[in-house]
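Here are a few notes to read with the model open beside you. I have kept them short and grouped them by region.

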Amino acid sequence: MEKIGITTTIPVEVIYAAGCIPVDLNNIFITAENPAALVEEAELAGYPRNICAWIKGIYTTVLANREIRRVIAVTQGDCSNTHALMETLHIQGIEIIPFAFPYDRDYDMLKLQIEKLMQVFGVDWEQVAEQKKRLDKVREKVWLLDEKTWRENSVSGFNNHLYQVMCSDFNGNPELFAQEVKAVLEKSTPLPAGDEIRLGYIGVPPIMTDLYEYLEKKGARVVFNEVQRQFTMPFATSDLVEQYRLYTYPYNIFWRLQDIAAEIEKRNLHGIIHYAQSFCYRHIQDLIIRKELKVPVLTLEGDRPVRLDARTKMRIDAFLDILR
Amino acid sequence: MIFGFDLGSRYVKLATLAEDSFNFYRYETIEFYKEFGRKEQDSLVIDFARLGFGETGKIISTGYGRNTVQIQGGQDIPEIKAHVYGARWQTGLEDFTLLDLGGQDSKVVLVRKGRLLDFQTNDKCAASSGRYLENMAAVLGITLEELSKYHEDPIDLSSTCAIFGESEIIGKIIEGHSIASLAAGVNYTIFKRIKPMLSQLLCDKIIFTGGVAHNGALKNIVEKEMQVEVIVPQYPQYNGAIGCCVYGGSLLE
Ligand code: SF4
């Protein structure tokens, strides 16, 4: 079965319908033994220092995994760096399949994009619908895991992050992944509500590995992971196009904020951590986020895949102090 | 006796409090760890006898180093919290914007009714800190005290980076600007870096602390540009250490 690289969440139903295995390149980059070395390698190849480390990590990851010959690149709705990333991969012999989320969330445009993708993979709507049913069953389990996180405190913020983020590709094997989720669910036991600070995490997933652990050590608990949750498509719709239209991440910030504000209410969050990746355009949106959200916001910036630095810890401590 | 340690990047500041009176000591950070500290397991054991103290007491610490070292037998508190305690104690104020410019860090903190409400810090760049002033004074061949006198007729520096700033100012020296203008330009550069943070968290009084608060020109600039009163407490550099003692002795509330 052919492995297809993806740069972010795309309609994976199409890939599974074709009997291929989607591979979220972000996930293999960040779980590699030494992700920082992958970033450095891209810099040795000529990637500028002041470019997002995710992009550099993905570049090296694709080249290091020779069984990946085709990559679906989200050219609209994710990151404009992807364009140059794809071009640098193209000259290394990788086939690039572009996919665009229309900025205005136009139904027909999105449908057209999905159909183009279906054409590339030679599948029809019936096959895709079948995969949606298959994947929704797995997603349901992860929705439950998310619910247990905020309702019962029985799943840690890190596990909430991890299992939701993996829904971009279901780790290449949805049923096996579902079993893993089931095991976590079975092990979870509700904790009485303590005096922990309830936090939401918004923005792209963190590049530093120990953020959740540190927050927990300091008496805070992440009970909402915005983008990761979006990867699980938590929408009750049987229409695949509509599903990817409701998905907030690739569209404008105001659409995302509606979702965030609703979850702040529902989950009773005390504060929000907005993560911004160094050199990422999304950093600019911080000023809108701060203006629009009703709870205190701490903006954290991360550059390379290393552990939290002293300054970031100091800022977290002060933020938790404010919330206490 | 209460010992309040502010473990800074440049200096370790110590305030001691006994019977309502404070004493202050300052050590070079590297010197301090080499001469008076010893690591035992995960904590730092301080040689109080060697520091010249016959007795020990309650120890509260804060500062940059506190994530890497925990003083044995001591309690550590978040840095910004220590500074807020220090500023409240030193000025008696409960509503203010705290501006703390240290050796490598800049912080702006909004305090209302004595409570920490919001804060901002500089990001991985030392261009608004004491280190930048030290470098620039060295390039200009003047002392920090001299540098701190000028705020009028500043030359324009692009202020992007503490290191590039050096070559930029060398260029200006060659162009023949006066030392006064050059120094004023350096002081203004600091202001430009902190202005966005200050603007967002401004209130009608600014308490200015940290080693850079000794720079009188900068105080003038902030006052003039932000149109608010700027208060430099008696011991700006020991503010964090004082805050530790105040916290340890429950001197406030
Ligand atoms: S973090 Fe920002 S810059 Fe980096 S890949 Fe994602 S969108 Fe692009």
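1. Let's begin in chain B, bearing in mind that this is a predicted model. Helix α7 of chain B, residues 179–200, lies across strands β9, β10, β11 and β12 of chain B. The helix runs at about 150° to β9(B).

2. Now for the sheet beneath that description. It is an open sheet of five strands in chain B, in the order β11-β10-β9-β12-β13, and its pairing is mixed. β11 (115–121) and β13 (229–231) of chain B stand at the edges with a single partner strand each, so one side of each has no neighbour in the sheet. On average, neighbouring strands are turned by 25° against each other, direction ignored.

3. One pairing is worth following by eye. Strand β10 of chain B (residues 106–112) pairs with β11(B) in the antiparallel sense, over six bridges. For B:Val111, the bridge partner in β11(B) is B:Leu116.

4. A further helix belongs in this picture: α3 of chain B (residues 79–91) packs on the sheet, where it touches β9 (96–101), β10, β11, β12 (205–209) and β13 of chain B. The direction of this helix makes about 115° with that of β9(B).

5. Over to chain A and its own helix α3, residues 35–44. Which of its residues are buried? They are A:Pro35, A:Ala36, A:Leu38, A:Val39, A:Ala42 and A:Glu43. Seen down the axis of α3(A), these buried residues fall within an arc of 160°, so they line one face of the helix. They pack against α2 (25–30) and α4 (53–64) of chain A. After α3(A) comes A:Gly46, with a positive phi near 120°.

6. On to the aromatic residues, where the count comes to 26 aromatic pairs over all chains. In the pair A:Tyr47 and A:Tyr59, the ring centres are 4.9 Å apart and the planes are at 45°, so the pair is tilted. A:Tyr47 lies in the loop between α3 and α4 of chain A, and A:Tyr59 in helix α4 of chain A, so the pair ties together parts that are 12 residues apart in sequence. Both A:Tyr47 and A:Tyr59 are buried.

7. Chain B has an aromatic cluster you may like to colour in your viewer; its members include B:Phe3, B:Phe5, B:Tyr25, B:Tyr27 and B:Phe32.

8. Finally, two arginines and their rings. The charged end of B:Arg26 sits over the ring of B:Tyr11, 3.9 Å from its centre. In chain A, the charged end of A:Arg105 sits over the ring of A:Tyr251, 5.8 Å from the ring centre.

Key:
Residues numbered from 1 in each chain as written. Chains lettered and ligands numbered in written order. Predicted model: local features only at pLDDT ≥ 70, side-chain atom pairs only at ≥ 80, totals over all residues. Heavy atoms only, no water. Buried < 20%, exposed > 50% of the residue type's maximum accessible area, 1.4 Å probe, protein only. Helix = DSSP H or I, 4+ residues; strand = E, 2+ residues; numbered from the N terminus. Arc of directions from axis to C-beta. Contact = heavy atoms within 4.5 Å. Pairing = 2+ DSSP bridges. Axes fitted to C-alpha atoms, helices over the stretch in contact; angles between N-to-C directions. Phe/Tyr/Trp six-rings, centres within 6.5 Å; stacked < 30°, edge-to-face > 60°. Lys NZ or Arg CZ within 6 Å of the ring centre and 35° of its normal.
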